[in-house]
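Here is a short tour for anyone who likes to look at packing and strand pairing. Keep the viewer open as you read.

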Amino acid sequence: MTHSMETAVSGPQHIAVAIVSFRNPGDVTKCLAALATSTWTDFTVYVCENGGDAAYENLCAAIPDRLPGGQSVVRINAGDNLGYAGGVNRCIRTIEGDYRAVWVLNPDTEPEAGALTALLARLDRNDVDAVGGVVLLNETYVQSYGGLWRPWLGFGASMGLGTDPAQGVDAAEIERNLWFLSGASMLVTRDFIHKVGPMQDDYFLYAEEVEWFLRARQKGIKLGFTPEARVFHGLGTTTGWHGGDFKTWPRMPIYLDARNRVRMTAQLTPLLLPTALLGIVAHGARRYLRKGANAQFGYLLQGVVAGLRGESGRPAWVK
């Protein structure tokens, strides 16, 4: 496992940007190009490649060691597919020197120039330990302001989904209802990581950010939101979970999402597990069976059973 050793000069305002790649250097290249326009310039980028040695070589050939503003880009070879949380944790363990916060970005995101500056401005009010913003699918469609979680149903919902980003947003109202930040863009302080611990990497994929912030919530940690931090998201370019026709959705994301929601409920709110199981299955039936996506509903049921068995990590059938 290797990584480049050059880093920017660190300090109390220094930000570490963590990106987990899986054989998608094109996405990472676009994300870095967007970061190069950032109005906040004191940061280092850490990119963890989960796709193996060949993918790491391709990544190194595609992305620079430094951005035009002088910020270092540290490339990390995970050596195996650690999953999203495992890749984020590897980035965090690789950080050298002092830093204020870690900005976790999906590789298929492109933040606007002022996004990081806006996140830090919200953090400067010193009443939250993690901040999210607006995740957009395009110029006219909001994917998320952050998430609501209904523990008795084992179900989360994205606030703002489908709304026009040009309309006004009540940031205070969003914060009052905020249970978790979107995993596509989440700024967490060094203190947050110290108090809450790393992401639970044996989730492998899906619901890991929800678990992280629900764990933080149980410790009394508050989350912030700013509408000025806008990030465009490609949505599922490495997993195939793109929306559209449910009958085309692959097994892995459906299975893991259900498995991990069951695991998370059993770990954090075990008394609510019976109602959460009913909620997960009922929601899956409405989503898939009404659309004739019988195989996809079967994947969900497999995931529920795996969660009840306490299975974790990468499923054996995932290459």
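The notes below go through a strand, its neighbours, the nonpolar cores and a helix.

## A covered strand

This is a predicted model, and a good place to begin is strand β4, which spans residues 101–105. Five of its five residues are buried. In a regular strand the side chains alternate between the two faces of the sheet. In β4, Ala101, Trp103 and Leu105 lie on one side, with Val102 and Val104 on the other, and all of them are buried.

## Neighbours of β4

What runs beside this strand? Strand β1 (residues 15–21) runs parallel to β4 and is joined to it by five bridges; here Ala16 has Val102 as its bridge partner.

Strand β10 (residues 185–189) also pairs with β4, in the antiparallel sense and over five bridges. Val102 turns up again in this pairing, with Val188 as its bridge partner in β10.

## Two nonpolar cores

The largest nonpolar core has 55 residues, and Val102 and Val188 are among those that touch the most other members, together with Phe192, Ile193, Trp212, Phe213 and Met264. A second, separate core holds 28 residues, including Val17, Leu59, Ile63 and Ala101.

Which residues does Phe213 touch? Leaving aside residues up to four places away in sequence, Phe213 touches Ala130, Trp179, Phe180, Leu181, Met186, Val188, Phe192 and Leu223.

## A covered helix

Helix α8 covers residues 251–268. Its 18 residues reach 26 Å from the first C-alpha to the last, close to the 26 Å expected at 1.5 Å a residue. Like β4, which is mostly covered, α8 is mostly covered, with 15 of its 18 residues buried.

Key
Residues are numbered from 1 along each chain as its sequence is written. This is a predicted model: local features need pLDDT of at least 70, side-chain atom pairs count only at pLDDT 80 or more; totals for chains, interfaces and linings use all residues. Side-chain values use heavy atoms; hydrogens and water are left out. Buried means under 20% relative accessible area, exposed over 50%, partly exposed in between (1.4 Å probe, protein chains only). Helices (H or I, at least four residues) and strands (E, at least two) are DSSP runs, numbered from the N terminus. Two strands pair if DSSP finds at least two bridges between them. A nonpolar core is a set of buried Ala, Val, Leu, Ile, Met, Phe, Trp, Tyr and Cys residues joined through side-chain atoms within 4.5 Å. Contact means heavy atoms within 4.5 Å. The expected span of a helix is 1.5 Å times one less than its number of residues.
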